[in-house]
Amino acid sequence: MSGLGVPGKIVAVHLNYRSRAAQRGRTPESPSYFFKPASSLGVSGGSIERPAGTELLAFEGEIALVIGRTTRRVGPEEGWAAVSGVTASNDFGLYDLRAADRGSNVRSKGGDGFTPVGPAVIPASAIDPAALRVRTWVNGELVQEGTTDDLLFPFGRLVADLSQLMTLEPGDLILTGTPAGSSVTVPGDTVEVEVDAPTAPGAPSSGRLVTHVTAGTVPFGDFGAKPSVDDLQRAEAYGVPPEHRDAFELTDDLRAKLASVSTATLSSQLRKRGLDNVSIDGLQSTRPGASLVGRATTLRYLPHREDLFASHGGGYNAQKRAFDALGPGDVLVIEARGERGSGTVGDVLALRAQVAGAAGIVTDGGVRDLAVVSALDIPTYHAGGHPAVLGRRHVPWDTGITVACGGAAVQPGDVIVGDADGLLVIPPALVESVVTDAIEQEREEEFIAERVAEGERIEGLFPMNAQWKERYRAWLTQR
């Protein structure tokens with residue numbers, strides 16, 4: 001590795017490219033970091049082992065900054081001056097171990113060979129830091145390409161931020177984040193990363209940093225956290241955007257379980273998990289006695305503006321596309337800003353949703369043809385009836401995006417549950433644990449209600465103390 005020694009510190013940035021932030025579904029306001037050990041360094045032409053029993057070894061092509069002088073408490077405008085050069089790096093990570101040390105990344109990103117760098121260092125004096133490019137190839141196919149004009153946090157800011165708390169020393173490395181396109185690699189793959197400055201004189205380049213992926217044979221022992229993966233980790237490892245993460249399946253069994261418990265119980269379980277703002281408020285149902293369980297698809301209306309309605313309101317607009325795209329079990333959630341001064345859905349579109357097998361319609365706006373819509377089997381939650389057409393107050397604008405409805409944020413794929421008490425939004429990753437605990441909670445409350453009906457006092461019973469819990473366990477065995 002020409003121009004590189006063994007660094008005292010390797011600091012990596014979590015998210016720093018707008019394209020990657022969009023892929024992750026979140027954009028940080030400030031940079032955040034993690035350390036990688038010097039023992040994770042690798043060289044071009046070397047190999048990385050995917051440990052036995054794992055499946056999600058992901059590559060991340062990055063630009064690495066090489067610190068050239070002792071640096072402490074500099075400002076962003078001085079930060080770049082502390083950099084002697086840049087090179088290519090690959091911030092490999094094992095998603096199978098993220099659950100064990102999420103955030104710190106000690107094991108998931110600290111393995112031997114998990115930080116190859118090189119092969120050559122481009123002198124900082126030869127380049128404009130805002131005009132660099134990083135590219136990644138897997139088996140010869142270009143899979144990542146990003147330029148530093150897409151950075152959330154410029155290099156000078158990263159150096160300045162880190163130097164507020166720690167002394168950066170010559171040879172230290174800062175891995176500056178990866179653009180969109182990171183994904184999973186498997187044994188037998190060859191991954192290459194190159195950093196260059198295509199518009200600079202001579203188009204200087206780091207050369208191709210080549211890493212060969214091999215299969216490990218030694219299993220993990222029982223004295224530490226074992227590899228584990230779930231659908232969310234698979235989606236993130238493969239680089240699936242949040243709106244396309246369909247690995248979660250709302251099975252018939254889960255639907256039945258969700259329908260068997262009240263939204264009041266589900267709400268208390270969500271609150272225990274730190275989610276207080278997941279109710280869609282202020283709406284009434286055309287079928288208040290029916291339960292609603294399904295996955296969200298979304299439609300957004302903008303406030304009416306004549307020129308926008310002229311360009312987006314007619315023809316096969318977003319509203320019609322949203323209803324035509326509905327399938328079995330879907331719940332169409334409409335953002336209407338709480339505007340009740342026109343209809344947002346009428347009898348024909350509601351009938352279309354019912355025929356498509358949709359589970360329900362939710363709008364925080366008005367409904368036209370309310371009597372006809374109420375006579376349909378499909379439950380429709382709404383803010384009230386109104387005779388006016390959509391164009392009086394709304395422009396049908398977009399589908400398949402995160403929306404706000406009744407004061408709640410709803411993303412495509414969220415699970416929507418409704419009953420006479422109201423509507424809840426449940427993140428897919430929480431559904432199984434929430435409904436399992438909700439069923440147990442209602443079983444306990446059934447026991448408590450029976451005791452109250454028999455004349456027992458509330459004190460010690462609700463919630464149950466140790467004595468009552470013992471009696472509850474005995475009650476369970478007799479059922």
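Which residues in helix 6 meet which residues in helix 12? I shall open with that contact, and I note at the outset that this is a predicted model. On the side of helix 6, the residues are Leu254, Lys257, Leu258 and Ser260. On the side of helix 12, they are Val431, Glu432, Val435, Ile439 and Glu442. Sorted by class, the residues of this contact comprise 5 nonpolar, 1 polar and 3 charged.

Now to the geometry of this pair. Two packed helices are described by the angle between their axes and the distance between the axes. For helix 6, residues 252-260, and helix 12, residues 431-453, the angle is about 40° and the axes lie 9 Å apart. An angle under 35 degrees would count as roughly parallel; helix 6 and helix 12 are therefore oblique to each other. The crossing of helix 6 over helix 12 is left-handed.

Let me turn to helix 7, which spans residues 263-272. Which of its residues are buried? They are Thr263, Thr265, Leu266, Gln269 and Leu270. Viewed down the axis of helix 7, these buried residues fall within an arc of 155°, so they line one face of the helix. The general background is that an α-helix has 3.6 residues a turn, so residues three or four places apart point the same way. On the face of helix 7 turned away from the buried side, one finds the exposed residues Arg271 and Lys272.

What covers the buried residues of helix 7? The cover includes helix 6, strand 28 (415-419), strand 29 (422-426) and helix 12. After helix 7 comes Gly274, which has a positive phi, near 85°.

Helix 12 also packs with helix 7, and I shall treat that pair in the same manner. Here the angle is about 120°, with the axes 9 Å apart. That makes helix 7 oblique to helix 12. Helix 7 passes helix 12 in a right-handed crossing, whereas the crossing of helix 6 with helix 12 is left-handed. From helix 7, the residues that take part are Thr265, Leu266, Ser268, Gln269 and Leu270. They meet Val434, Val435, Asp437, Ala438, Gln441, Glu442 and Glu445 in helix 12. By class, this contact has 5 nonpolar, 4 polar and 3 charged residues. Two residues of helix 12, Val435 and Glu442, appear in the contact with helix 7 and also in the contact with helix 6.

I move next to the cis peptide bonds. One joins Gly118 and Pro119, with omega about 0°. Pro119 sits in the loop between strand 9 (115-116) and strand 10 (122-123). Another cis peptide bond joins Phe462 and Pro463, with omega about 5°. Pro463 belongs to the loop between helix 12 and helix 13, the latter being residues 466-478.

Gly118 and Pro119 lead us to Ser206, a residue in the loop between strand 15 (190-196) and strand 16 (209-215). Is Ser206 buried or exposed? Its relative accessible area is 1%, so Ser206 is buried, the cut-off being under 20%. Residues up to four places away in sequence aside, Ser206 touches Thr87, Ala88, Gly118, Pro119, Ala120, Ile122, Glu194 and Val195. Both partners of the first cis peptide bond I described, Gly118 and Pro119, are thus among the residues that Ser206 touches.

The loop between strand 15 and strand 16 also holds Ala203. Ala203 is not a glycine, yet its phi is positive, about 45°. At 38% relative accessibility, Ala203 counts as partly exposed. Asn105 is another residue other than glycine with a positive phi, in this case near 60°. Its place is the loop between helix 3 (98-101) and strand 9. Asn105 is buried, with a relative accessible area of 6%.

My final residue is Ala353, in helix 10, residues 347-355. With a relative accessibility of 0%, Ala353 counts as buried. Which residues are in contact with Ala353, leaving aside its neighbours within four places in sequence? These are Phe323, Leu326, Ala358, Ile361 and Ile378. As for Ala322, 31 residues from Ala353 along the chain, the two C-alpha atoms are separated by 9.6 Å.

Conventions
Residues numbered from 1 in each chain as written. Predicted model: local features only at pLDDT ≥ 70, side-chain atom pairs only at ≥ 80, totals over all residues. Heavy atoms only, no water. Buried < 20%, exposed > 50% of the residue type's maximum accessible area, 1.4 Å probe, protein only. Helix = DSSP H or I, 4+ residues; strand = E, 2+ residues; numbered from the N terminus. Arc of directions from axis to C-beta. Contact = heavy atoms within 4.5 Å. Axes fitted to C-alpha atoms, helices over the stretch in contact; angles between N-to-C directions. Parallel < 35°, antiparallel > 145°, perpendicular 65-115°, else oblique. Left-handed = near helix turned anticlockwise from the far one by under 90°. Nonpolar A, V, L, I, M, F, W, Y, C, P; charged D, E, K, R; others polar.
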